[in-house]
Amino acid sequence: MSVVTGSDPAGSHRAARRTPRHVAFVLENELIGDAIMHVPAYRAVRSALPEARITLLVRRATAFTGPLSRIAPEFFDAVTVGAEQIADPGALADWMAEAGADLVFDFRANARALASWTAAGRSGV
């Protein structure tokens, strides 16, 4: 898995690629059913990027701090509940820059997902 980071030094229009070092998953709420449905994605990212730091940012709740807490370390290096910054593009961009997040997956299925796009643009991801 790669992330486009710019053009190559030779000046061609080909994009340079690098391996992400910090991945963030952004969710509003993740109860047990949602969490189980997301496991294949979490497992795939952990498998593809074993050296990357992976953070789960959840605004309200996640089963990974409750019934699934025993398996959370298989996927995440950090789980943050109460991540109010995901609601505001500026605050999310600040968090991404400070944390060094260079790949973000937004699993919110609503207009709030636009905050991640805006934040990514502001933070240079």
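**Figure 1. The whole chain at a glance.** The chain exposes about 6,900 Å², and carbon and sulfur atoms supply 54% of that area. What you're looking at is a predicted model. Its chain has 125 residues, and 40% of them count as buried. The secondary structure adds up to four helices and six strands, and if you walk along the sequence you meet them in the pattern β-β-β-α-β-α-β-α-β-α. Take the contacts with a separation of 6 or more: 64% of them are between residues 24 or more positions apart.

**Figure 2. Strands 3, 4 and 5, side by side.** Here strand 4 (residues 53-58) pairs with strand 3 (residues 22-27) in the parallel sense, over six bridges. Strand 4 also pairs with strand 5, again in the parallel sense, this time over four bridges. Look for Val58 in strand 4: it stands opposite Leu27, and its bridge partner in strand 5 is Val81. Strand 4 is mostly covered, with five of its six residues buried. Add helix 1 (residues 32-48) to the picture, and strand 3, helix 1 and strand 4 make a right-handed β-α-β unit.

**Figure 3. Inside the largest nonpolar core.** In soluble globular proteins, nonpolar side chains tend to be buried together. The largest nonpolar core here has 19 residues, and the ones touching the most other members are Val23, Phe25, Tyr42, Leu56, Phe64 and Phe76. Strand 3, helix 1, strand 4 and helix 2 (72-75) each chip in at least two residues of this core. Helix 1 gives the largest share, four residues. Zoom in on Val23 and, leaving aside neighbours within four places in sequence, you'll find it in contact with Val45, Leu49 and Phe105, among others. Apart from this core lies another one, of nine residues, including Val26, Leu57, Trp95 and Ala101.

**Figure 4. A close look at Val79.** This residue is found in strand 5 (residues 78-81). Is Val79 buried, partly exposed or exposed? With a relative accessible area of 29%, Val79 is partly exposed, because that value falls between the cut-offs of 20% and 50%. Not counting residues up to four places away in sequence, Val79 touches Leu56, Thr62 and Thr65. As for Ser69, it is 10 residues from Val79 in sequence and 9.9 Å away in space, C-alpha to C-alpha.

**Figure 5. Helix 3 and what comes after it.** Which residues of helix 3 (residues 89-99) are buried? They are Gly90, Leu92, Ala93, Trp95 and Met96. Right behind helix 3 comes Gly100, with a positive phi near 75°.

**Figure 6. A network of salt bridges.** The count for the model comes to seven salt bridges. In one of them Arg60 meets Glu28, and their closest N and O atoms are 3.7 Å apart. This pair links distant parts of the chain, since Arg60 sits in the loop between strand 4 and helix 2, and Glu28 in the loop between strand 3 and helix 1, 32 residues apart. Arg60 is exposed, at 52% relative accessible area, whereas Glu28 counts as buried at 8%. Glu28 also forms a salt bridge with Arg108 (3.9 Å, N to O). Arg108 counts as buried too, at 6% relative accessibility. Elsewhere, the side chains of Arg59 and Glu84 meet at 3.1 Å, N to O. Through shared partners, salt bridges join Glu28, Arg59, Arg60, Glu84, Asp106 and Arg108 into one network.

Technical notes. Residues numbered from 1 in each chain as written. Predicted model: local features only at pLDDT ≥ 70, side-chain atom pairs only at ≥ 80, totals over all residues. Heavy atoms only, no water. Buried < 20%, exposed > 50% of the residue type's maximum accessible area, 1.4 Å probe, protein only. Contact = heavy atoms within 4.5 Å. Areas by Shrake-Rupley, 256 points an atom, 1.4 Å probe, with all protein chains shown as cover. Pairing = 2+ DSSP bridges. Right-handed = clockwise from strand over helix to strand, strands pointing away. Core = buried A, V, L, I, M, F, W, Y, C linked by side-chain atoms within 4.5 Å. Salt bridge = Lys/Arg side-chain N within 4 Å of Asp/Glu carboxyl O.
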